[in-house]
Amino acid sequence: MPLMRLILALALSLFPFLTVPAQQRTFTRADTLRGSITPERAWWDVVFYDLHVTLDPADSTISGWNGITYRVTGKPRAMQVDLQEPLAIDSVIQEAGR
């Protein structure tokens, strides 16, 4: 049994050298913004999303609104909220906490 463990340990230690390396990916600015905790994201933490969506198959559109409840975790500054194209923010309403 100890010989089997030795063989298994040796095989596992060589595994990283035997695998094919992953292709390098070039990250865009959008990838960086979506995936990074920027100063504009670091001071708040989402507690709840209240998503309201209306689909209109006749003209292939989606409309709606999203209420975001968040907790302040640091010194407030500009707030970064990202959307994928072609979504757009047309207004923002800030309400004080309850």
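Is Tyr70 buried, partly exposed or exposed, and what is its relative accessible area? In this predicted model, Tyr70 is partly exposed, with a relative accessible area of 23%. That value falls just where a cut-off matters: a residue is called buried under 20% and exposed over 50%, so Tyr70 belongs to the class in between. The residue is a handy way into the structure, and the ring pairs it makes are taken up below, after a look at the overall fold and at the confidence of the prediction.

The protein contains three helices and two strands, arranged along the sequence in the pattern α-α-α-β-β. Of its 98 residues, 6% are buried. The exposed surface of the protein amounts to about 9,300 Å², and 62% of this area comes from carbon and sulfur atoms. Among contacts with a separation of 6 or more, 53% join residues that lie 24 or more positions apart.

Confidence varies along the chain. The average pLDDT is 75, and 64% of the residues score at least 70. Strand β1 has the highest confidence, with a mean of 92, whereas helix α1 (residues 2-18) has the lowest, with a mean of 50. Over residues 14-20 the pLDDT stays under 50, and the model shows zero contacts beyond four places in sequence for this stretch. Where pLDDT is low, the predicted coordinates should not be read in detail. The description that follows therefore turns to other parts of the chain, among them strand β1, where the mean is 92.

Back, then, to the aromatic residues. The structure holds two aromatic pairs. In one of them, the ring centres of Trp43 and Tyr70 are 6.0 Å apart and the planes meet at 85°, so this pair is edge-to-face. Distant parts of the chain are linked in this way: Trp43 sits in the loop between α3 (39-42) and β1, Tyr70 sits in strand β2, and 27 residues separate them. Trp43 counts as buried, at 7% relative accessibility. The other pair joins Trp44 and Tyr70, whose ring centres are 5.6 Å apart with planes at 70°, so the arrangement is again edge-to-face. Here too the link is between distant parts of the chain, with Trp44 in strand β1 and Tyr70 in strand β2, 26 residues apart. Trp44 is buried as well, at 12% relative accessibility. Through these ring pairs, Trp43, Trp44 and Tyr70 form a cluster.

A polar link also involves the two strands. The salt-bridge count comes to one, and the partners are Asp45 and Arg71, whose side chains meet at 2.5 Å, N to O. Asp45 lies in strand β1 and Arg71 in strand β2 (residues 61-72), so the pair ties together parts that are 26 residues apart in sequence. Both ends of the bridge are partly exposed: Asp45 has a relative accessibility of 33%, and Arg71 has one of 46%.

The surface also carries a nonpolar patch of about 730 Å², made by Tyr49, Ile68, Met79, Val81, Leu83, Leu87, Ile89 and Val92. Tyr49 belongs to strand β1 (residues 44-56). Val81, another member of the patch, is found in the segment after β2. At 37% relative accessibility, Val81 counts as partly exposed. Leaving aside residues up to four places away in sequence, Val81 touches Trp44 and Ile89. One of these neighbours, Trp44, is a member of the aromatic cluster, while Ile89 belongs to the nonpolar patch. Val81 also lies 8.7 Å from Glu40, C-alpha to C-alpha, although 41 residues separate the two in sequence.

The segment after β2 also holds Gln94. In contrast to the partly exposed Val81, Gln94 is exposed, with a relative accessible area of 56%. The C-alpha atoms of Gln94 and Ile68 are 9.8 Å apart in space, and the two residues are 26 positions apart in sequence. Ile68 is itself one of the residues of the nonpolar patch.

Methods. Residues are numbered from 1 along each chain as its sequence is written. This is a predicted model: local features need pLDDT of at least 70, side-chain atom pairs count only at pLDDT 80 or more; totals for chains, interfaces and linings use all residues. Side-chain values use heavy atoms; hydrogens and water are left out. Patches are made of residues with over 30% relative accessible area and no salt bridge: like charges are joined within 9 Å, nonpolar side chains (Val, Leu, Ile, Met, Phe, Trp, Tyr) within 5 Å. Accessible areas come from the Shrake-Rupley method with a 1.4 Å probe; for residues, only the protein chains shown count as cover. A salt bridge is a side-chain nitrogen of Lys or Arg within 4 Å of a carboxyl oxygen of Asp or Glu. Helices (H or I, at least four residues) and strands (E, at least two) are DSSP runs, numbered from the N terminus. Buried means under 20% relative accessible area, exposed over 50%, partly exposed in between (1.4 Å probe, protein chains only). Rings of Phe, Tyr and Trp (its six-membered ring) pair if their centres lie within 6.5 Å; planes under 30 degrees apart count as stacked, over 60 as edge-to-face and the rest as tilted. pLDDT is the predictor's confidence in each residue, from 0 to 100. Contact means heavy atoms within 4.5 Å.
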